[in-house]
Each structure stands twice: as C-alpha cells, then as structure tokens.
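Thank you for having me at the group meeting today. I would like to walk through one protein chain with you, slowly, and I will put the sequence and the model on the screen before I say anything about them.

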Amino acid sequence: MHTIATFPRRRQGGLALPVMLIILLVMLISSIYLIKSSNSTTLTASNLAYDSAQSRAVDAGLHAGFKWLSDTAAGNNKALLNDDSPDNGYLATLDTTQTARSSTFWDGKKTVVHEGQSIDYVVHRLCLLSGAYDAVGNTCVQTADPNSGSAHIGVGDSLASDSPQFAETPKVHYVITARLAGTRGGNVVNQLVVLIGG
C-alpha cells in the first residue's frame, strides 16, 4: 500500500486582486483625463479659428470706412472732412475721455453687412474741434510728410510738442474703429489709423 504524502494547503494572500484593481482605476482616470484633454484642445482650436474668422470679418468694416475716407479726401474734397458726416459714420473730432467700450464713442456709427454679419464702424478725426485742422484753437494729431524732405529747425525755434513746425503741409491722423458682435457672444473690435495730408 502506497501512502501519499499530503501537505497542508497554503492560504492564498489575495494580493494580486487589489493591485489589479488599483491599476485599472489608474488606467480609468488616465483615460478620462486624456478624453477631457483632447476635448479641451479641440475647443481651443475651434475658438482660435472662430476668433480669426471674426477678426477677418470685422476688417470689412475697416475697409468700408477707409474707402469712404479715401474717396472723400481725394481731389479737392478734403474740406468735407472738417465737419461731421453721421450718415457716413464720420466724426471730425474725438473725445479722448471715451473708449471703444463707451456707448457714446459709437454715436454716428455706420453699419455694413458682410457675409450676413452686421459690422459697425466709425471714423474719428483726431482733432479737438470741428473745422480746419489748422484753425486757431484747434489741435489735431499731425505727422510731418516724410516726402517733404528734411525739415530744418533754426536756432531759437521751438521744439515743443505743443507748437510743432512742419516744413510742408502735415498729415492729419484719422482712426477707423470697427466692431462685430459674434454669434457665440464674442465681440471683436479692430482699429486702423490713416494719415491724410491736411
């Protein structure tokens, strides 16, 4: 008769199961994070493309304002820029206490439609008063014409910023501001500075 040696069974520790559950939990959390991260990247790319498209669209307002300004200033029509023209979105002065966020900044605005979107624009001449840019008491932002040659300041002449001396007719500054209220609630405001000889 053969006897079979029996050994007492070793009790299992069950360590593998908790370790595997922890690894599965880490993998689950990582996959959730990756999904959220890819969604965030997609949303960011979408928002950047939307902002770029809105910025290009609002440029249509800048172009409309520039076309009116350049057409009006052509030839001998520059005197028309001495006074407001609200029908064309033009103001001969700029109140420096107002910004593009102020509602009164947009008084006299003109609205154009581009690809189904309404774009407001307003053109301001950077002057204190209406009338001629060089009228007594009027102060305008001006730049010397670069084509007028080198201006020479004589001995004893003033170089003060409040009494500029130009060799020839200076260029007066105009700023065109356009805005667009986007369909997703985003607002875009672009500005363009134009120099036109006085």
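Let me begin with a question: is Asp-71 buried, partly exposed or exposed? With a relative accessible area of 42%, Asp-71 is partly exposed, because that class takes in everything between 20% and 50%. Please keep in mind throughout that what you see is a predicted model.

Asp-71 does not stand alone, for its side chain meets that of Lys-67 in a salt bridge, with 2.8 Å from N to O. Both residues belong to helix α1, which covers residues 16-73, and they are 4 residues apart, about one turn of the helix. Lys-67, for its part, is exposed, at a relative accessible area of 52%.

Before going further, let me give you the overall layout. The protein chain has 1 helix and 6 strands, and if you read along the sequence, you meet them in the pattern α-β-β-β-β-β-β. Of the 198 residues in the protein chain, 27% are buried.

How many salt bridges are there in the model? The count comes to 2, and having seen the one in helix α1, we can turn to the one between the side chains of Arg-179 and Asp-120, where the distance from N to O is 3.2 Å. Here Arg-179 lies in strand β5, residues 171-181, while Asp-120 lies in strand β3, residues 117-125, so this pair ties together parts that are 59 residues apart in sequence. Asp-120 is buried, with a relative accessible area of 14%, whereas Arg-179 is partly exposed, with a value of 28%.

Arg-179 also has a second contact that deserves a look. Over which ring does the charged end of Arg-179 sit? It is the ring of Trp-106, and the charged end is 4.2 Å from the centre of that ring.

That brings me to the aromatic residues. A pair of aromatic rings is described by two quantities, the distance of the centres and the angle of the planes. In this model there are 3 aromatic pairs, and I will take you through two that share a residue. The rings of Trp-68 and Tyr-90 have centres 5.3 Å apart and planes at 40°, so this pair is tilted. Trp-68 is in helix α1 and Tyr-90 is in strand β1, residues 90-91, so that the pair links distant parts of the chain, 22 residues apart. Both Trp-68 and Tyr-90 are buried.

Tyr-90 also pairs with Tyr-174, and in that case the ring centres are 6.4 Å apart and the planes stand at 35°, so that pair is tilted as well. Because Tyr-90 lies in strand β1 and Tyr-174 in strand β5, the parts tied together are 84 residues apart in sequence. Tyr-174 is buried, as is Tyr-90, and Trp-68, Tyr-90 and Tyr-174 form one aromatic cluster.

Next, the cysteines. A disulfide is a covalent bond between the sulfur atoms of two cysteines. The structure holds 1 disulfide, formed by Cys-127 and Cys-140, whose sulfur atoms are 1.9 Å apart. The torsion about the S-S bond of Cys-127 and Cys-140 is about 110°, so the disulfide is right-handed. Cys-127 and Cys-140 both lie in the loop between β3 and β4, the latter being residues 142-143, so the pair ties together parts that are 13 residues apart in sequence. Cys-127 is buried, at a relative accessible area of 3%, and Cys-140, at 11%, counts as buried too.

Let me finish with two places at the surface. What is unusual to look for in the backbone at Glu-115, given that it is not a glycine? Glu-115 has a positive phi of about 50°; the residue sits in the loop between β2, residues 110-114, and β3, and it is exposed, with a relative accessible area of 71%.

The other place is a nonpolar patch on the surface, made of Leu-15, Leu-17, Val-19, Met-20, Leu-21, Ile-23, Leu-24 and Met-27, which together have about 810 Å² of accessible area. Take Leu-21 as one of these residues: its place is in helix α1, and at 52% relative accessibility Leu-21 counts as exposed.

Conventions. Residues are numbered from 1 along each chain as its sequence is written. This is a predicted model: local features need pLDDT of at least 70, side-chain atom pairs count only at pLDDT 80 or more; totals for chains, interfaces and linings use all residues. Side-chain values use heavy atoms; hydrogens and water are left out. A salt bridge is a side-chain nitrogen of Lys or Arg within 4 Å of a carboxyl oxygen of Asp or Glu. Helices (H or I, at least four residues) and strands (E, at least two) are DSSP runs, numbered from the N terminus. Buried means under 20% relative accessible area, exposed over 50%, partly exposed in between (1.4 Å probe, protein chains only). Rings of Phe, Tyr and Trp (its six-membered ring) pair if their centres lie within 6.5 Å; planes under 30 degrees apart count as stacked, over 60 as edge-to-face and the rest as tilted. A charge sits over a ring if NZ of Lys or CZ of Arg is within 6 Å of the ring centre and within 35 degrees of the ring normal. A disulfide is a pair of cysteine sulfur atoms within 2.5 Å. Patches are made of residues with over 30% relative accessible area and no salt bridge: like charges are joined within 9 Å, nonpolar side chains (Val, Leu, Ile, Met, Phe, Trp, Tyr) within 5 Å. Accessible areas come from the Shrake-Rupley method with a 1.4 Å probe; for residues, only the protein chains shown count as cover.
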